[in-house]
Amino acid sequence: MSTHPSRRSFVSLAAAGFSTLALPRLAQAQAQLQPKTEPPPRALQLEHAVTAPVSVEVNARSIANFEPRDRSRTRFGSLDFRSGLVLTSPYRRFGGLSGLRFLDAKGERFLAISDQGGWFTGTIRYSGREMVGLTDVEAAPVLGADGRPITEKRLWYDTESLARDGNLVYVGLERVNQILRYDFAKGATGARGEVIAVPPALRKLPYNKGLEAMVVVPKAQGPGKSQAQPLAGTLIAFSERGLDADGNLLAFLIGGTTPGQFSVRRSENFDISDAVLLPSGDLLILERKFSWFTGVNIRIRAIPLKGIAPGAVVDGLTLFAADLGHEIDNMEGIDAHVTADGETVLTLISDDNFSMLQRTLLLQFTLAE
């Protein structure tokens with residue numbers, strides 16, 4: 001009997017509880033019983049870590065309809081479904097993709113990161129407006145300042161967030177709540193990471209619910225532009241479920257002229273999984289939640305950038321929502337590009353937790369005006 005893909009996602013996420021590694025309880029208990037001087041079993045943690053640069057074969061199967069129950073429907077909230085792919089690979093370390101950023105303005109060349117410290121680069125192939133596959137995919141280990149894979153350090157593997165500012169790329173490590181900065185002009189994915197200073201409160205975010213999304217507000221261009229955008233040059237970092245005293249989601253302004261802390265209004269038990277700053281200047285946050293009764297849900301909210309400031313509590317309209325009746329999985333990455341026709345296209349990617357029961361999905365939608 002065939003199983004609907006969304007049901008496979010539900011079963012897997014129910015078992016994993018949204019843990020990116022989903023270790024068996026017995027293994028967790030055994031690790032806890034070991035002496036504190038003995039590190040946890042690294043083989044279990046780093047089973048899918050990329051160890052050396054390698055070319056990767058990636059196969060793609062088209063998703064014709066975002067809602068299989070109604071194949072004539074293409075509009076979902078403020079988004080129009082364009083196309084989708086189910087990605088698979090014989091390379092066993094392909095998967096766990098938690099962040100996505102385009103390297104060009106066409107939405108073709110991409111940089112992705114897995115939650116076990118691996119870079120993935122490649123090109124999305126199109127036929128007209130629809131994605132049809134990936135080419136030139138390569139994987140490489142994320143390196144530390146010493147030129148060694150960061151996964152050699154204890155707990156330095158949960159690379160959940162990715163931001164790009166020209167040649168500068170920022171990587172957030174959730175388990176240790178640290179941020180690494182890479183200059184891709186110095187070797188691209190072979191560049192060495194530099195730990196940047198972060199607010200003390202960011203370092204205290206809850207274990208496995210910490211740093212989950214980052215965006216960079218571009219620096220002002222031209223005379224007089226710096227006054228128009230107070231956040232220019234700021235790295236905005238969002239927690240997955242770090243909560244303030246009122247139960248809202250903590251976020252941080254790093255660098256720029258107005259560093260500090262603010263909150264995103266939390267509602268309906270959604271957690272943040274990624275964010276993207278649109279070319280128009282609007283900030284979108286991708287959110288998800290899991291319930292034993294409703295399964296997996298995702299949504300996208302638009303947060304006015306002008307409302308973000310130290311001490312603020314920001315909220316925004318829901319542009320899009322989907323559940324297991326749609327072709328979704330554990331959606332963890334989002335980015336955007338503008339087509340030659342002026343359409344804003346959102347690209348979402350899922351983290352399959354390296355589970356045979358989950359899928360790596362690549363979805364694209366057009367943002368309706």
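Let me start with one side chain. Arg-299 counts as buried, at 4% relative accessibility. (Buried means under 20% relative accessible area, exposed over 50%, and partly exposed in between, using a 1.4 Å probe and protein chains only.) This is a predicted model: local features need pLDDT of at least 70, side-chain atom pairs count only at pLDDT 80 or more, and totals for chains, interfaces and linings use all residues. Residues are numbered from 1 along each chain as its sequence is written, and side-chain values use heavy atoms, with hydrogens and water left out.

Who is the partner of Arg-299 in a salt bridge? It is Glu-287, with N to O at 2.6 Å. A salt bridge here is a side-chain nitrogen of Lys or Arg within 4 Å of a carboxyl oxygen of Asp or Glu. Glu-287 sits in strand β18 and Arg-299 in strand β19, residues 295-303, so the pair ties together parts 12 residues apart in sequence. Strands are DSSP runs of E, at least two residues, and helices are runs of H or I, at least four, numbered from the N terminus. Glu-287 is buried too, at 0% relative accessibility.

Why do such pairs form at all? Side chains of opposite charge can pair when their charged atoms come close.

How many salt bridges does the whole structure hold? The search finds 21. Take Glu-212 and Arg-288 next. Their side chains meet at 3.6 Å, N to O. Glu-212 belongs to strand β13, residues 211-216, and Arg-288 to strand β18, residues 283-291, so this bridge ties together parts 76 residues apart in sequence. Buried or exposed, where does Glu-212 fall? Glu-212 is buried, with a relative accessible area of 0%. Arg-288 is buried as well, at 3%.

Now a third pair. Asp-271 and Arg-241 meet in a salt bridge at 2.9 Å, N to O. Asp-271 lies in strand β17, residues 271-277, and Arg-241 in strand β14, residues 234-243; the two are 30 residues apart, in distant parts of the chain. Asp-271 is buried, at 5% relative accessibility. Arg-241 is partly exposed, with a relative accessible area of 34%.

Back to Glu-287 for a moment: 0%, buried. Next comes a network. Lys-209, Glu-212, Glu-240, Arg-288 and Glu-332 are joined into one network by salt bridges that share partners.

On to the sheets. One open sheet has five strands, in the order β13-β14-β15-β16-β20, with mixed pairing. The edges are β13 and β20, residues 313-314; each has a single partner strand, so one side of each has no neighbour in the sheet. Two strands pair if DSSP finds at least two bridges between them. Inside the sheet, β15, residues 249-255, runs antiparallel to β16, residues 260-264, with five bridges. Ala-251 has Phe-262 in β16 as its bridge partner.

Then β7 and β8. They pair antiparallel over nine bridges. Arg-125 is bridged to Gly-133 in β8. Their hairpin has two residues between the strands, and Gly-128 there takes a positive phi near 70 degrees. Strand β1, residues 54-55, also pairs with β8, antiparallel, over two bridges. Val-54 stands opposite Ala-139 there.

β7 and β8 come up again in the cavities. A cavity, on a 1 Å grid over the protein atoms alone, is a set of points where a 1.4 Å probe fits but cannot get out, and lining residues have an atom within 4 Å of a point. Grid points are joined across faces, edges and corners, and volume is the space filled by probe spheres set on the points. Three cavities reach 30 Å³ or more. The largest has a volume of about 70 Å³. Its lining includes Leu-87, Phe-94, Phe-110, Phe-120, Ile-349 and Leu-362. The elements giving two or more residues to that lining are β5 (97-102), β7 and β8 (130-141). What classes of residue line the largest cavity? There are 11 nonpolar, no polar and no charged residues. Nonpolar covers Ala, Val, Leu, Ile, Met, Phe, Trp, Tyr, Cys and Pro; charged covers Asp, Glu, Lys and Arg; the others, Gly among them, are polar.

Two residues to finish. Gln-116 is in the loop between β6 (109-114) and β7 (118-127). Gln-116 is buried, at 2%. A polar atom of its side chain lies 3.3 Å from the backbone nitrogen of Ala-49. Phe-76, in strand β3, residues 75-76, is buried with a relative accessible area of 2%. Its C-alpha is 9.2 Å from that of Phe-365, 289 residues apart along the chain.

Methods
A polar contact is a pair of N or O atoms within 3.5 Å; within protein, one must be able to donate a hydrogen and the other to accept it, and residues adjacent in sequence count only if both atoms are side-chain atoms. On a 1 Å grid over the protein atoms alone, a cavity is a set of points where a 1.4 Å probe fits but cannot get out, and a pocket is an open set with protein on both sides within 12 Å along at least five of seven lines; lining residues have an atom within 4 Å of a point.
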